[in-house]
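Got the viewer open and a selection box ready? Let's take a short walk through this one, stop by stop.

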Amino acid sequence: MRSFEKESLGLFPTPMYRLPNISRELGTNVWIKRDDLCGVALGGNKVRKLEYLLHEAKTQGYDLVMTTGQAQSNHAMLTAACALRMGMDCILVLKKRGVTARKGNQILNHLMGVEVRYMDTDSYEEIYQEMDRIGQEMGRRVYKIPCGGSNALGSLGYIDCMKEIADSGCRFDHLVCACGSGGTAAGCVLGAKIHLPGTQVMCSMVDNDPFDVIVPKLMKEAADLLEIDVDIPVPDLLDMCGPGYSIPSEEGNEAIGMMLKLEGIVLDTCYTGKAFAGLVRRAREGYYKPEDQVLFVHTGGAGGLFAQDWEKK
Ligand SMILES: *Cc1c(COP(=O)(O)O)cnc(C)c1O
């Protein structure tokens, strides 16, 4: 297996422990992996990906990074936080859909002084072209990071996370993560196959994209990058999108309330609330045995929670 250098940006390993009250409530053993506590800004899963991506940018001599996402993107905010810390410039070219007001992650983008440009499009192709155009206008080379940092190199971050879990000595029957652009799911499913044999990974889809195609494709590309010969697993995908991407769902909000009330842990409406709701739904359907060990990967997202208009709810 080939190994790749990465930047040290987060505090790893992140904490992992059993949730006694949730376990009692759901009748199985529920654990949490706190990637929300990874030590950069408000934390979250993008940091593991950015350690690889920004290291590549640095070693290839780039000093200008651009990325994209929706207006409240956790990934965009974390890319800016990590890039600026490494002494690189960063421009965010975001989709206008969602909350563009100075709320949530936009407050952090503003405080960092990072340049944010909005595009009124749903096409990432157009956004990547715009990044090239801005770079040309500035006469600078641009290291473009795809939406969510979800390419093969970024996915290696979650293969590492699965190794981190294996190295802890704890064994899990099930692992649950959110799936938004697919890189985390790809890293978890492939990483579990490599490092956690016997652990079944369930990915809670929080968007309507064709993840049955996207996730296996990313796994194949990551396996090729690592030069390993594995059968690409078929991911277990659960539809938790509800009324739409980044639109809160009732089931998700109940799961957020349960986690906060019983364990004092903050989840978000866009990703982790819906992902955890997938675990709750399966537990209530009797999918997990009382003696099973079920690990929930907390991928962060607190910033977005404070961009919602809760008055209307
Ligand atoms: C981006 C994100 C996810 C989803 O991860 P992907 O790799 O994009 O699928 C989950 N949780 C949070 C908080 C995120 O910001």
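What follows is a tour of a predicted model, moving from a helix pair to a helix face and then to two serines.

**Stop 1: a helix crossing**

Select residues 46-59, which are helix H2, and residues 74-85, which are helix H3. Their axes come within 10 Å and cross at roughly 50°. That angle makes H2 oblique to H3. Turn the pair until one helix sits in front of the other, and you're looking at a right-handed crossing.

Now show the side chains where the two helices meet. On the H2 side, pick Lys46, Val47, Leu50 and Leu54. On the H3 side, the contact is made by His75, Leu78, Thr79, Cys82 and Ala83. Colour them by character and the contact splits into six nonpolar residues, two polar and one charged.

**Stop 2: the buried face of H4**

Next, go to residues 105-112, helix H4. Which residues of H4 are buried? They include Asn105, Gln106 and Asn109. Look down the axis of H4: its buried residues fall within an arc of 100°, so they line one face of the helix.

What do the buried residues of H4 pack against? Bring up H3 again, and add strand E4 (89-95), strand E5 (115-119) and helix H11 (302-305) to the selection. Before you leave, click on Gly113, which follows H4 and has a positive phi, near 70°.

**Stop 3: Ser181 in its loop**

Jump to Ser181, in the loop between strand E7 (174-179) and helix H7 (183-195). Is Ser181 buried or partly exposed? Its relative accessible area is 22%, so Ser181 counts as partly exposed, given that buried means under 20%.

Select its surroundings, skipping neighbours within four places in sequence. Ser181 is then in contact with Lys49, Cys147, Gly148, Ser150, Phe211, Ile214 and Leu218. For a distance label, try the C-alpha atoms of Ser181 and Thr67: they're separated by 13 Å, with the two residues 114 apart along the chain.

**Stop 4: Ser155 in H6**

Finish with Ser155, which you'll find in helix H6 (residues 152-167). With a relative accessible area of 1%, Ser155 is buried. Leaving out residues up to four places away in sequence, Ser155 touches Gly183, Ala186, Gly187 and Leu218. Keep Leu218 highlighted: it touches Ser155, and it's also on the contact list of Ser181.

Terms used: Residues are numbered from 1 along each chain as its sequence is written. This is a predicted model: local features need pLDDT of at least 70, side-chain atom pairs count only at pLDDT 80 or more; totals for chains, interfaces and linings use all residues. Side-chain values use heavy atoms; hydrogens and water are left out. Axes are lines fitted to C-alpha atoms, for helices over the stretch in contact, and angles run from 0 to 180 degrees between N-to-C directions. Helices (H or I, at least four residues) and strands (E, at least two) are DSSP runs, numbered from the N terminus. Angles under 35 degrees count as roughly parallel, over 145 as roughly antiparallel, 65 to 115 as roughly perpendicular and the rest as oblique. A crossing is left-handed if the near helix is turned anticlockwise from the far one by less than a right angle, and right-handed if clockwise. Contact means heavy atoms within 4.5 Å. Ala, Val, Leu, Ile, Met, Phe, Trp, Tyr, Cys and Pro count as nonpolar, Asp, Glu, Lys and Arg as charged, and the others, Gly among them, as polar. Buried means under 20% relative accessible area, exposed over 50%, partly exposed in between (1.4 Å probe, protein chains only). The arc is that of the directions from the helix axis to the C-beta atoms.
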